[in-house]
Structure formats: C-alpha cells, structure tokens
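Reader: Please take a close look at one part of this model, the nonpolar interior, and then describe how the strands and cysteines around that part are arranged. A plain account will do.

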Amino acid sequence: MGEEEKRKLKHKKKSASSSFCSPINNLDDGCLMHIFSFLSPIPDRYNTALVCHRWHFLACHPRLWLRVERSVKDLSEPGVFPSIEMAVSAARPGDTILISAGGSHQASNIQINKPLCLIGGGEAPDETTLLCSRGSDSALEFLSTCKLANLTVKAELGCCLLHRSGRLTIDGCILQCESNPLDYLSCPIVTTAGGSEIFSSSVKTSCDGVSVSQTRIEGGSKAVVTSGKLALQRVRVICSRTYVYFWFDVEDN
C-alpha cells in the first residue's frame with residue numbers, strides 16, 4: 001500500500017471516528033427522535049434514516065410515521081403494515097404513512113376520513129405505485145384534509161382520487177387513467193366539494209379544495225371533474241396520438 005493510500009485510509013478512519021463521536025450521538029434515543037420529528041418526512045427525515053443503523057431505527061420509528069411494506073411477515077411489528085388500508089385504519093389523525101417503493105400496492109375504495117399524509121418511499125413517484133382494480137369507484141376517497149406526495153396512482157376504470165371534503169394537497173405525483181373507448185368512465189381527479197378555491201394555492205383559506213403541484217396526469221378523457229369552482233395555474237397540456245398529458249406546476253406565493 002502506497003503512502004497516498006495510507007493517508008486516505010487514515011483520513012477516512014478519522015472522519016468515521018469523528019462522526020461516531022459527534023455530540024449529537026451522545027443524546028439518548030428519546031431526544032434524537034424528538035429532533036427528527038421536526039424534520040419534513042420527505043426528503044429530510046428519509047435522508048436521516050440513511051446515516052446509520054441507529055438513526056434508521058429512530059427516523060423510521062412508528063412514533064414518527066407508519067410504514068406500508070408489502071413483504072412484511074411479522075404482523076406484530078409496531079407501525080408496519082402489509083397494506084395501505086390497514087395502515088390508514090390504524091393511523092391517528094395527523095400521522096404520516098410511508099409507502100415502500102417497488103412493486104404495486106393495491107388501493108381500491110380506501111376511504112380516508114382523518115387528516116393523514118401519504119408519501120411514497122422511492123426517490124421518484126414512479127417507484128411507488130398504487131393500483132386501483134377495475135370496477136372500483138376510486139383508489140382513494142378523501143373526506144378530510146390530507147396530503148399525497150411522491151406517488152403514482154393508476155386506475156383502470158373509475159377515478160384515481162375522489163375528493164369529498166377537506167383540503168387535499170397533491171404534490172409531486174403521477175395520476176394515470178386508462179385510455180380506451182370507455183375512457184369517459186375514468187378520470188384522474190373527481191371533486192364533489194363545493195369549496196371556492198379548487199386547485200388554487202395563491203390564497204390560503206380553510207375552505208374545502210384541492211391544491212396540485214408538480215403533478216403529471218395521463219389518460220382519461222378529462223383530467224378533472226368538479227362540481228365546485230375551478231382555478232388553474234400554469235397548466236401544460238401535451239397531446240400525442242394515444243394520450244393527452246396534463247402537467248400541473250403550481251407556484252406557491
């Protein structure tokens with residue numbers, strides 16, 4: 001081993017030792033977990049879990065968020081569920097549910113009537129897919145204020161997201177509907193709330209509504225069906241031979 005390689009190895013060991021002995025690691029688990037609770041789930045808390053085994057355990061603790069893992073075998077593990085429906089049922093108002101990346105998660109007619117945040121665990125939205133089976137009215141039905149982020153939602157017939165009441169925030173997602181002779185039966189977003197600020201993020205009020213940002217919509221004869229007032233900002237529409245793509249890019253003011 002040459003002198004240069006020895007120097008690099010020594011520097012690497014010193015850095016690792018310095019990191020391990022960092023003052024923040026002298027805090028007990030409860031203090032660290034309390035600090036992690038102030039981080040945004042994606043990407044800050046998610047990146048925190050990659051630091052070391054201890055931080056992974058604390059950052060993914062069920063006190064901070066619930067997890068959906070399709071391959072989970074030990075159903076007694078707290079905060080980990082094999083399906084979205086079970087996680088939603090067990091969640092408390094205000095909880096965050098992290099849905100694991102890879103494969104497809106079944107989501108058909110799941111009703112959410114409490115404030116929750118559903119986040120995909122992948123680096124991109126197409127790494128975490130919620131699949132709504134044919135014949136279902138919707139993948140997710142919202143009756144409370146909720147947030148959906150970093151997810152792909154696919155519906156063959158019916159709609160991806162059915163919004164009844166509360167404020168629904170859709171951020172960094174992909175919504176896909178089937179495009180065929182029966183595509184009039186499918187629609188990515190349906191809202192029946194009578195709020196006055198549907199799809200508007202420029203004015204923040206407590207009324208019912210849907211806010212969409214950095215989200216791509218594919219397929220279906222219509223991108224949105226609403227019975228309330230509609231306001232759109234910075235919408236790009238891309239037409240091809242087989243699809244019409246709607247890209248929502250809403251700036252926060």
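Author: A nonpolar core is here a set of buried Ala, Val, Leu, Ile, Met, Phe, Trp, Tyr and Cys residues whose side-chain atoms join within 4.5 Å. Buried means under 20% relative accessible area. The model is predicted. Its largest nonpolar core has 36 residues, and those with the most contacts inside it are I84, I97, I112, L118, L140, L148 and L161. L118 serves as an example: beyond its neighbours within four places in sequence, L118 is in contact with I84, I97, I99, I112, L140, K147, L148, A149 and L151. Another core lies apart from the largest one; this other core has 14 residues, among them L32, M33, C117 and I119. In soluble globular proteins, nonpolar side chains tend to be buried together.

For the chain as a whole, 43% of the 253 residues count as buried. Of the contacts between residues at least 6 apart in sequence, 55% join residues at least 24 apart. The chain has five helices and 19 strands.

Two of the sheets can be described in turn. One is an open sheet of seven strands with parallel pairing, in the order β2-β1-β3-β6-β9-β12-β15. At its edges are β2 (80-81) and β15, each of which pairs on one side only. Within this sheet, strand β3 covers residues 96-99 and includes T96. T96 is buried because its relative accessible area is 10%, below the 20% limit. Not counting residues up to four places away in sequence, T96 touches P41, L64, W65, L66, C117 and I119. Two of these, C117 and I119, are among the residues of the 14-residue core.

At the β15 edge, five bridges join that strand to β12 (residues 167-171), and the two run parallel. I170 has V212 as its bridge partner in β15. Strand β15 spans residues 209-213 and includes S213. S213 has 16% relative accessibility and therefore counts as buried. The side chains of S213 and D171 are joined by a polar contact of 3.0 Å. S213 and C173 are 40 residues apart along the chain, and their C-alpha atoms are separated by 8.4 Å.

The other sheet is open too, with five strands in the order β5-β8-β11-β14-β17 and parallel pairing. Its edge strands, β5 (110-112) and β17 (224-226), each pair on one side only. Neighbouring strands here are turned against each other by 20° on average, with direction ignored. Inside this sheet, β11 (residues 158-163) pairs with β14 (residues 186-191) in the parallel sense over five bridges. The partner of C159 across one of these bridges is C187 in β14.

That leaves the cysteines. A search of the whole structure finds zero disulfides. The cut-off for a disulfide is a pair of cysteine sulfur atoms within 2.5 Å. For C160, the closest cysteine sulfur is in C177 at 3.9 Å, so the pair is too far apart for a bond. C160 is buried, because its relative accessibility is 0%. For C146, the closest cysteine sulfur is that of C117, at 8.8 Å, which is also too far for a bond. C146 counts as buried because its relative accessibility is 4%.

Methods:
Residues numbered from 1 in each chain as written. Predicted model: local features only at pLDDT ≥ 70, side-chain atom pairs only at ≥ 80, totals over all residues. Heavy atoms only, no water. Helix = DSSP H or I, 4+ residues; strand = E, 2+ residues; numbered from the N terminus. Buried < 20%, exposed > 50% of the residue type's maximum accessible area, 1.4 Å probe, protein only. Contact = heavy atoms within 4.5 Å. Pairing = 2+ DSSP bridges. Axes fitted to C-alpha atoms, helices over the stretch in contact; angles between N-to-C directions. Polar contact = N/O pair within 3.5 Å; in protein donor to acceptor, adjacent residues only side chain to side chain.
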